[in-house]
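Reader: Hello! I would like a close look at one part of this model, the part that carries the buried residues of a helix. Could you take me through what surrounds that part as well?

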Amino acid sequence: MKLKGSSTIEMAYIMPIIFFILLSIFHIIFYYHDKSILNGVVCEAVTVGVQEVRNKGKETIELEKFCIDRITGKMIYFSNPKFSTVYSKDRVEVKATMKRGPLKVFIKRETKVPYPEKSIRLKETMEGIVGKGEEE
């Protein structure tokens, strides 16, 4: 019984499968890494947009530039993400898309702009009205 070449032939069949599995794992890790980075940038951009609208009342906010500055040099698998923003006095919305071959990532975050001082003033006004009614 000669078995000298049998392990070489078996490895010739198994090694491409192992390399394919390793390559697939690396692609999946890079995909989720970039998706996580993009999600963080979009959430941060929404927060910055809300603060800009709420505090400064700006008509134009350059959130796309902010997103591009924050994401530069951090992506591994995807390149050239695209951002779009919609904002008003009531809400801020940021959308981001990336594409590489058949893989696509789309992230959308939307937040209502809070104005807590309005409810605090209303509460104080209501307490003043109730307080005056009790004094009489």
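Author: Tyr-31, Asp-34, Leu-38, Val-41, Val-42, Ala-45, Val-46, Gly-49, Val-50, Glu-52 and Val-53 are the buried residues of α1. Bear in mind, as we go, that this is a predicted model. An α-helix has 3.6 residues a turn, so residues three or four places apart point the same way. With that in mind, look at Leu-38, Val-42 and Val-46, which are among the buried residues of this helix. What do the buried residues of α1 pack against? Their partners are α2, β1, β2 and β3.

Now for the helix as a whole. α1 covers residues 6-56. It has 51 residues, and the distance from its first C-alpha to its last is 75 Å, close to the 75 Å expected at 1.5 Å a residue. Where does α1 bend? The bend is at Ile-14 and comes to about 30°, with a proline, Pro-16, following within four residues.

Another residue to pick out is Phe-26, which also belongs to helix α1. Is Phe-26 buried or exposed? Its relative accessible area is 46%, and since buried means under 20% and exposed over 50%, Phe-26 counts as partly exposed. The C-alpha atom of Phe-26 is 9.8 Å from that of Tyr-77, although 51 residues separate the two along the chain.

Next comes the sheet. It is an open one of three strands, in the order β1-β2-β3, and the pairing is antiparallel. Why is one side of β1 and of β3 left without a neighbour in the sheet? Both β1 (82-87) and β3 (103-112) stand at the edges and have a single partner strand each, so one side of each stays free of a neighbour there. On average, and ignoring direction, neighbouring strands of this sheet are turned by 10° against each other. Helix α1 packs on this sheet and touches β1, β2 and β3, with its direction at about 25° to that of β3. Helix α2 (residues 63-71) lies across β1 and β2 and runs at about 145° to β1.

You can follow the sheet strand by strand. β1 pairs with β2 (residues 91-100) in the antiparallel sense over six bridges, and one point to check is Thr-85, whose bridge partner in β2 is Val-94. These two strands form a hairpin with three residues between them. From β2 to β3 there are 10 bridges, again with the strands running antiparallel. Along that pairing, Val-92 has Thr-111 in β3 as its bridge partner, while Lys-99 stands opposite Lys-104 in β3. The hairpin of β2 and β3 has two residues between the strands, and Gly-101 there takes a positive phi near 60°.

Finally, here is the setting for all of this. The protein chain has three helices and three strands, and from the N terminus on its elements run α-α-β-β-β-α. Buried residues make up 21% of its 136 residues. Of the contacts with a separation of 6 or more, 53% come from residues 24 or more positions apart. The chain exposes about 10300 Å², and carbon and sulfur atoms supply 60% of that area.

Definitions and conventions: Residues are numbered from 1 along each chain as its sequence is written. This is a predicted model: local features need pLDDT of at least 70, side-chain atom pairs count only at pLDDT 80 or more; totals for chains, interfaces and linings use all residues. Side-chain values use heavy atoms; hydrogens and water are left out. Two strands pair if DSSP finds at least two bridges between them. Axes are lines fitted to C-alpha atoms, for helices over the stretch in contact, and angles run from 0 to 180 degrees between N-to-C directions. Contact means heavy atoms within 4.5 Å. The expected span of a helix is 1.5 Å times one less than its number of residues. The bend at a residue is the angle between axes fitted to the seven residues ending there and the seven starting there. Buried means under 20% relative accessible area, exposed over 50%, partly exposed in between (1.4 Å probe, protein chains only). Accessible areas come from the Shrake-Rupley method with a 1.4 Å probe; for residues, only the protein chains shown count as cover.
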